[in-house]
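Q: I would like a close look at one part of this model, the surroundings of its ligand, together with the elements that supply them. Please take me through it step by step.

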Amino acid sequence: MMWYAPSFVLGASSHAHLKVQGLSAGYGAFLVLRDLTLEIKPGLTVILGPNGAGKTTLLKALSGLIPRGGEVLLNDQALPVKTSEIVQRGMALVAEGRQLFPQMTVTENLELGGWLVAKAERTRRLEQAFNDFPKLRERAQQLAGTMSGGEQQMVAVARAMMSAPRLLMLDEPSLGLAPRMVDELLAITRRIADSGTTVLMVEQNVKKALAVADRGYVLERGTLVASGPAALLARSTVIREAYLGAGAAVSTTATHAAKTTVRAEPVEALPSDRPELVEGQAQGERTL
Ligand SMILES: Nc1ncnc2c1ncn2[C@@H]1O[C@H](COP(=O)(O)OP(=O)(O)O)[C@@H](O)[C@H]1O
Ligand SMILES: [Mg+2]
């Protein structure tokens, strides 16, 4: 695996800290997210949950791509409503499916990520991006559409970093990638978080995501059902039984024996770094 000194800082002024209280969002009259309360602290936070849970909807609502209700504070200031203003406040989204311009070169795609800044600064950031993603420098003139899935995802992440975000949101960056590329992508997100950009990542790759993340939330049917430090979540019954397969579950009590039953922490207990998911502490019980 490639390794180099992280240098993603690109003028980030302070570590982004997002506080979300009573968030609701959906499509027209169809409310997907109801009364979500969560906190995205500096570091790497992962959002887990089954298909259709509302993970993408959450990222869209935080990016201003769909209307939202409730309160969202970025470093204690109300988050604007319009996407362009949210971007200017330092939030960037790498959407599902990458959305590169396939007929444009890697360099041209990256330059689009820096469209808000003056040319000299854009050139500086491009050089920075090529330092951070050396594989892309070799491919600077290649058409994005001719690259592998993993390489394209790397371009998408590098393009988002061109806006020098304080908070980077990624929607399933490892979707459809070979295992080695998944590892490389997740290692990149870890380095981005370590160098000062707060990262909020939606991932289906539960085990690997929890291995690189600091904290996690589990979203099911538009509601948060669990949260906690990533290491504790990885050991929790909720995650082991519902997401890591029956073979990974080592139940310690009779109530955990039924595979379809998980224990969930009440949303009121969120957000916090307390070990909410330690066996025996959970209060709610629910059937998937
Ligand atoms: N553009 C849309 N219009 C209407 N409903 C949508 C739209 N996008 C997603 N949904 C619905 O919202 C729910 C949550 O979807 P989504 O946030 O994409 O879930 P996830 O990303 O967790 O798989 C699903 O029931 C989905 O069908
Ligand atoms: Mg999704």
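Q: By class, how many nonpolar, polar and charged residues does the shell around ligand 1 have?

A: In this predicted model, the shell around ligand 1 has 4 nonpolar residues, 6 polar residues and 1 charged residue. Its members are Y27, F30, V32, G49, N51, G52, A53, G54, K55, T56 and T57. Two elements, β2 (30-40) and α1 (55-63), each supply at least two residues of this shell, and α1 gives the most, with 3 residues.

The helix that contributes in this way deserves a description of its own. Of the 9 residues of α1, 7 are buried, so the helix is largely enclosed by the rest of the structure. The buried residues are K55, T57, L58, L59, K60, A61 and L62, and of these K55 and T57 also belong to the surroundings of ligand 1. As background to reading such a list, an α-helix has 3.6 residues a turn, so residues three or four places apart point the same way. After α1 comes G64, which has a positive phi, near 80°.

The other contributing element, β2, is part of an open sheet of 4 strands, in which the order is β2-β1-β4-β5 and the pairing is antiparallel. Because β2 and β5 (77-78) stand at the edges, each with a single partner strand, one side of each is left without a neighbour in the sheet. Between β1 and β2, which run antiparallel, there are 7 bridges, and G26 stands opposite L31 in β2.

Following β1 (residues 18-27) away from the ligand shell, one can look at K19, which lies in this strand. K19 counts as partly exposed because it has 17 C-beta neighbours inside 10 Å, where 20 or more would be needed for a residue to be called buried. Leaving out residues up to four places away in sequence, K19 touches E39 and L73; the C-alpha atoms of K19 and L73 are separated by 5.1 Å, although the two residues are 54 apart along the chain.

For the wider setting, the largest nonpolar core contains 76 residues, of which V46, A158, M169 and A209 touch the most other members. Helix α6 (residues 149-161) provides the largest share of this core, 7 residues. When neighbours within four places in sequence are set aside, A158 is in contact with L110, A129, F133 and L136.

How values were computed
Residues numbered from 1 in each chain as written. Chains lettered and ligands numbered in written order. Predicted model: local features only at pLDDT ≥ 70, side-chain atom pairs only at ≥ 80, totals over all residues. Near = placed C-beta within 6 Å. Nonpolar A, V, L, I, M, F, W, Y, C, P; charged D, E, K, R; others polar. Core = buried A, V, L, I, M, F, W, Y, C linked by C-beta atoms within 7 Å. Buried ≥ 20, exposed ≤ 12 C-beta atoms within 10 Å, placed from the backbone. Contact = placed C-beta atoms within 7 Å. Pairing = 2+ DSSP bridges.
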